Amino acid sequence: MDWQGQKLSEQLMQIMLVAFAVAAFLAGYFLSSFQLMLIIYAAGVVLTSLITVPNWPFFNRHPLKWLDPAEAERHPKPVVANSKKKAVKSH
Amino acid sequence: MHSFGYRLNALLTFSVTILAIICAFASYSDNLNLPSPSAQIQVLNVNWFQKQPNGDDVVSLTMNISANLESMFTWNTKQDYLKVFVFVAAEYETPLNALNQVSLWDGIIPSKEQAKFWIHTTNKYYFTDQGSNLRGKEFNLTLHWHVMPKTGKMFADKIVMSGYRLPEEYR
């Protein structure tokens, strides 16, 4: 899953769950059935997890474009002069 | 959100939070119900009225209890064995205590269809006073009820019926 896919998946998850919760509450209240509310919401949670949890292809439409190795070699990383000291610090 | 486990965890956490919120709303929605309960109790007969050897007064009454609590039932009222609990209490004042409550009868209303009921009964529990204060005593009969919700707040209310009086003499 790419970055845009992750954002899409999270937003979809939140919007769908809230929408199902609102629908379930209204249905339960107006049809006077607490059980109906729970069933609609449970169905919503299952559907939402099927859509947003697996790594579906449509979450991978924006792959990261890395530089190819030849281009990377032309711009070498700056070399740290006192590499030993830095290494100790970073641990 | 980069792995299967992360997404599943986020989804479950969020869905349970929302479930708690809709349950809270369901409990709140009970306040939108404006019930109009009614009740009436007739004391048909004082079967006997005695002073026990230990000095306490005991009364046996025959009552006719009728009530309509249908409007107490909402979509958030429990649908299993315990829904609406009702009891009738005799309430009176004595020199020592401003309020004495004695439970005379109780019952469970199992469904909305049975919330309009009528019962002819003697007192199920002893109507007894710790002392001999009951002769000629004026008392109230109060129908109390507790409504058990599926989620949230339990409701309790009562109807007070006054103007009952016990006989002056033991019989």
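The following exchange introduces chain B of this predicted model and its contacts with chain A.

Colleague: Which pattern does chain B follow, read along the sequence?

Modeller: Chain B has 1 helix and 8 strands. Read along the sequence, the helix is followed by the strands, and the pattern is α-β-β-β-β-β-β-β-β.

Colleague: What radius of gyration does chain B have, beside that of a compact globule of 171 residues?

Modeller: Along its principal axes, the C-alpha trace of chain B spans about 85 × 30 × 25 Å. For a compact globule of 171 residues, a radius of gyration near 16 Å would be expected, but the value for chain B is 23 Å.

Colleague: What percentage of the 171 residues in chain B is buried?

Modeller: A residue counts as buried if 20 or more other C-beta atoms lie within 10 Å of its own. By that criterion, the buried part of the 171 residues in chain B is 23%.

Colleague: In chain B, what share of the contacts with a separation of 6 or more comes from residues 24 or more positions apart?

Modeller: Two residues are in contact if their C-beta atoms lie within 7 Å. Among the contacts in chain B with a separation of 6 or more, residues 24 or more positions apart account for 65%.

Colleague: Which element supplies the largest share of the side of chain A that touches chain B?

Modeller: The contact involves 23 residues of chain A and 18 residues of chain B. On the chain A side, α1 (3-30) and α2 (34-52) each supply at least two residues. The largest share, 12 residues, comes from α1(A).

Definitions and conventions: Residues are numbered from 1 along each chain as its sequence is written. Chains are lettered from A and ligands numbered from 1 in the order in which they are written. This is a predicted model: local features need pLDDT of at least 70, side-chain atom pairs count only at pLDDT 80 or more; totals for chains, interfaces and linings use all residues. Helices (H or I, at least four residues) and strands (E, at least two) are DSSP runs, numbered from the N terminus. The radius of gyration is taken over C-alpha atoms; the globule rule is 2.2 Å times the number of residues to the power 0.38. A residue is buried if 20 or more other C-beta atoms lie within 10 Å of its own, exposed if 12 or fewer, and partly exposed in between; C-beta atoms are placed from the backbone.
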